[in-house]
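Open your viewer and show the chain as a cartoon. We will go from one selection to the next.

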Amino acid sequence: MITAEITKSMGAMYFDGAFPKTEYGTGEQKKNAEGVPLWSVSVLLRQPDSRKTESLTVTMPAAQDPAALIEPFTPIAFEGLRVMTGENGGRVWVSFAADKCGKPKQQ
């Protein structure tokens, strides 16, 4: 597996929803090493040089459901955003994770 931190802005990101990240087979919500629940946060991404919006899912820990705190289509930014890639059974996968999310910083 390769992990790389994303330090440059990817473009405008908007909150689209969140749901618990669950264990396969049991349906129990996953937790990080500190015991904080993990959430799959759906994000709409509009890159400056793109003609279309992309949908991303970012895994992040949060004590409370992010959807209870953030309205849909609210601009958001992630702290500690990183991308992971790897291979499993000949199939390549890509996933995103972050430490937390919040309002974007003013430029």
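Between which two strands is the place of Phe73? Select Phe73 and look along the backbone on either side. The residue sits in the loop between strand S4 (54-61) and strand S5 (77-79). Remember as you look that this is a predicted model.

**Stop 1: Phe73**

Stay on Phe73 and check the backbone angle. Its phi is near 70 degrees, a positive value in a residue other than glycine. Most residues other than glycine have a negative phi. Now show the side chain and a surface. Is Phe73 buried or exposed? Phe73 has 55% relative accessibility, so it counts as exposed. The cut-off for exposed is over 50%.

**Stop 2: the whole chain**

Zoom out and colour by secondary structure. How many helices and strands are there in the chain? The chain has eight strands and zero helices. Followed along the sequence, the pattern reads β-β-β-β-β-β-β-β.

Next, turn the model along its principal axes. The C-alpha atoms fill a box of roughly 40 × 35 × 20 Å. The radius of gyration is 14 Å, which agrees with the value near 13 Å for a compact globule of 107 residues.

**Stop 3: strand S3**

Select residues 38-46, which form strand S3. This strand is mostly covered, with seven of its nine residues buried. For the chain, buried residues make up 27% of the 107 residues.

**Stop 4: the partners of S3**

Add strand S2, residues 12-20, to the selection. S2 and S3 run antiparallel, and eight bridges join them. Pick Met13 for one example: its bridge partner in S3 is Leu45.

Now add S4, residues 54-61. S3 and S4 also run antiparallel, joined by eight bridges. Here, pick Ser40 and find Thr59, its bridge partner in S4. Show the side chains while you are here. In a regular strand they alternate between the two faces of the sheet.

**Stop 5: contacts, surface and charge**

Return to the full chain and turn on contacts. Take those between residues at least 6 apart in sequence: 53% of them join residues at least 24 apart.

Then switch to the surface. The chain exposes about 7600 Å², and carbon and sulfur atoms supply 50% of that area.

Finish by colouring the charged side chains. How far apart do the centres of the positive and negative sets lie? There are 12 positive and 12 negative side chains, and the two centres lie 5 Å apart.

Key:
Residues are numbered from 1 along each chain as its sequence is written. This is a predicted model: local features need pLDDT of at least 70, side-chain atom pairs count only at pLDDT 80 or more; totals for chains, interfaces and linings use all residues. Side-chain values use heavy atoms; hydrogens and water are left out. Helices (H or I, at least four residues) and strands (E, at least two) are DSSP runs, numbered from the N terminus. The radius of gyration is taken over C-alpha atoms; the globule rule is 2.2 Å times the number of residues to the power 0.38. Buried means under 20% relative accessible area, exposed over 50%, partly exposed in between (1.4 Å probe, protein chains only). Contact means heavy atoms within 4.5 Å. Accessible areas come from the Shrake-Rupley method with a 1.4 Å probe; for residues, only the protein chains shown count as cover. Lys and Arg count as positive and Asp and Glu as negative; His and the chain ends are not counted. The place of a charge is taken as NZ of Lys, CZ of Arg, CG of Asp or CD of Glu. Two strands pair if DSSP finds at least two bridges between them.
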